Amino acid sequence: MSFDLKVRRYDPESGESAYWQDIQVELGPERSVLDAILKFKADTDNSLGIRCSCQAAICGSCGVRINGQSRLACNTQLGVASEEGRSKDGTIVVEPMGNMPVLKDLIVDMDAVHWKKIQRVVPWLLPEGEPPEREYVVPAESMIDITQSMACIQCGACVSACLSMEVDPEFVGPAALAKAYRFVGDPRDSQTEERLRDLAEDPHGIYDCTHCFACIEVCPKDVAPMSQIMRLRRRASGDYGIKDSNNGYGHEKAFVDIVRKYGTLHESQLLPRSYADGSLVKSQVRPDSLKQLAEGLPTVINGLRSGKVSPVKAIWHKKLPDQDQVRRIYHEVESRGERIELNLYIVGDEAEGDEWGPDAGAEAPAMGDAAEVATGPEAGTEQGAAVQ
Ligand code: SF4
Ligand code: SF4
Ligand code: FES
């Protein structure tokens with residue numbers, strides 16, 4: 001079967017502009033886009049640059065954009081890519097990943113962006129005191145909690161797809177923040193609060209994510225980086241009460257409080273409350289809040305001019321049906337006891353009497369889901385996992 005590919009070529013050292021090269025390859029539809037590129041290199045033009053190693057979706061080195069979406073070339077079948085091709089004739093468009101400089105053709109500079117950001121979050125354990133004589137013993141659920149972030153193969157697909165990073169290249173980013181949660185969630189680490197404070201205070205840290213879900217969509221290993229970022233936020237604000245100077249805490253609190261109170265979001269209150277730790281009253285009397293509000297005015301005026309902000313809609317919010325149900329959800333969740341966050345990324349065989357088993361009358365959440373449950377102390381477990 002013949003497949004048409006359109007590949008982005010660029011060699012910064014040549015001094016020439018980037019261009020598209022049309023290539024045609026005879027291969028079965030079950031073969032991968034990487035197979036097609038390697039065949040073209042072997043048969044026709046060995047100068048085409050692409051990075052790869054395992055060819056089995058394990059090493060993370062073959063990240064590219066195929067038909068505009070960041071993914072692994074070795075894990076994308078030609079038949080599938082051809083059917084979803086943006087062009088009507090089924091041509092598969094292959095480009096280097098985004099948000100990173102191109103070194104040559106489909107090879108991007110991972111050191112300049114991805115690995116630099118991973119280094120930024122101190123990606124190693126910082127335990128305290130003398131190491132134990134034998135192995136560390138940590139609760140099994142703690143390790144399950146961080147296993148999702150440990151599944152990362154550092155392919156950079158999420159970095160390539162991140163919309164916040166496109167606007168703010170200094171954003172620490174999805175892969176590095178998922179890595180940060182791997183250590184924040186590890187009970188052996190002694191710097192949990194320091195790590196959280198550092199990432200909350202960084203203007204390009206945990207509050208720089210705009211919840212666009214792009215990183216979740218593209219991740220080939222279901223790491224769900226955005227979910228790890230939300231966990232970091234919950235740990236920072238809920239568990240450690242960290243009030244950062246970027247107003248991340250205030251913005252989140254304002255958002256939650258408004259929805260809790262009205263059952264919907266009143267945008268006109270969001271900005272003032274965000275600058276005053278979530279309080280509408282404080283926003284009108286605190287000098288620093290008033291100053292920040294004044295600084296935000298040009299943005300509001302631009303929004304009004306462009307028509308993105310409508311004063312009528314912002315002030316007089318249309319009543320939604322079932323607004324009370326939203327308040328009920330808050331009440332339901334907040335009336336429970338201690339919050340325990342279970343990451344259900346790993347789902348194994350159900351043990352007898354399993355809390356999620358059929359007898360419990362609840363359906364087990366799907367792989368990759370996370371659940372926040374409130375339980376009493378009796379729900380804790382003494383079971384431990386030995387981890388080196
Ligand atoms: S959800 Fe956040 S981290 Fe993920 S791609 Fe969007 S902005 Fe980036
Ligand atoms: S989180 Fe997923 S997409 Fe991002 S680098 Fe890790 S494996 Fe790749
Ligand atoms: S070549 Fe290793 S992940 Fe694709």
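In which kind of crossing, left-handed or right-handed, does α7 pass α8? It's a left-handed crossing. Before going further, keep in mind that this is a predicted model. Let's start with the helices, then look at the sheet, and finish with the two ligands.

**Helices side by side**

Helix α7 has two helix partners to look at here. Take α8 (residues 192-201) to begin with: its axis and that of α7 come within 10 Å and cross at roughly 155 degrees. Crossing angles over 145 degrees count as roughly antiparallel, and that makes α7 roughly antiparallel to α8. On the α7 side, the contact is made by Ala180, Phe183 and Val184, while α8 brings in Thr192, Arg195, Leu196 and Leu199. Sort those contact residues by class and you get five nonpolar, one polar and one charged.

Now for the other partner, helix α4 (residues 140-150). Its axis comes within 8 Å of the axis of α7, and the two cross at roughly 155 degrees. So α4 and α7 are roughly antiparallel to each other, and α4 passes α7 in a left-handed crossing. Which residues make the contact? From α4 they are Ile146, Ser149 and Met150, and from α7 they are Ala178, Lys179, Tyr181 and Arg182. In the contact of α4 with α7, the classes come out as four nonpolar, one polar and two charged.

**The sheet**

Next up is an open sheet of five strands with mixed pairing. Read across it and you'll meet the strands in the order β2-β1-β5-β3-β4. At the edges sit β2 (19-26) and β4 (69-72), each of which pairs on one side only. Neighbouring strands are turned by 35 degrees against each other on average, if you ignore direction.

Let's zoom in on one pair. Strands β3 (residues 63-66) and β4 run antiparallel and are joined by four bridges. In general, strands of a sheet pair through backbone hydrogen bonds, either parallel or antiparallel. Valine 64 of β3 stands opposite arginine 71 in β4, and isoleucine 66 has glutamine 69 in β4 as its bridge partner. The hairpin of β3 and β4 has two residues between the strands, and asparagine 67 there takes a positive phi near 50 degrees.

The sheet has a helix to go with it, too. Helix α1 (residues 33-43) lies across β1 (2-9), β2, β3 and β5 (92-95). Its direction is at about 95 degrees to β2.

**Around the two ligands**

Each ligand has a shell of residues around it. Here's how the shells divide by class:

| Shell | Nonpolar | Polar | Charged |
|---|---|---|---|
| Ligand 1 | 12 residues | three residues | no residues |
| Ligand 2 | 13 residues | two residues | one residue |

Around ligand 1 there are 15 residues, and Cys162, Ser164, Cys209, Cys212 and Cys215 come nearest. Helices α6 (163-167), α9 (214-218) and α10 (225-239) each supply at least two residues of this shell. The largest share, three residues, comes from α10.

Ligand 2 has 16 residues around it, of which Cys152, Cys155, Cys158, Cys219 and Val223 come nearest. The elements giving two or more residues to this shell are α5 (157-161) and α7 (174-184). Which of the elements gives the most to the shell around ligand 2? That's α7, with three residues. And yes, this is the helix we began with: α7 also passes α8 in a left-handed crossing.

Methods
Residues are numbered from 1 along each chain as its sequence is written. Chains are lettered from A and ligands numbered from 1 in the order in which they are written. This is a predicted model: local features need pLDDT of at least 70, side-chain atom pairs count only at pLDDT 80 or more; totals for chains, interfaces and linings use all residues. Two strands pair if DSSP finds at least two bridges between them. Axes are lines fitted to C-alpha atoms, for helices over the stretch in contact, and angles run from 0 to 180 degrees between N-to-C directions. Two residues are in contact if their C-beta atoms, placed from the backbone, lie within 7 Å. A residue is near a molecule or strand if its C-beta atom, placed from the backbone, lies within 6 Å of it. Ala, Val, Leu, Ile, Met, Phe, Trp, Tyr, Cys and Pro count as nonpolar, Asp, Glu, Lys and Arg as charged, and the others, Gly among them, as polar. Angles under 35 degrees count as roughly parallel, over 145 as roughly antiparallel, 65 to 115 as roughly perpendicular and the rest as oblique. A crossing is left-handed if the near helix is turned anticlockwise from the far one by less than a right angle, and right-handed if clockwise.
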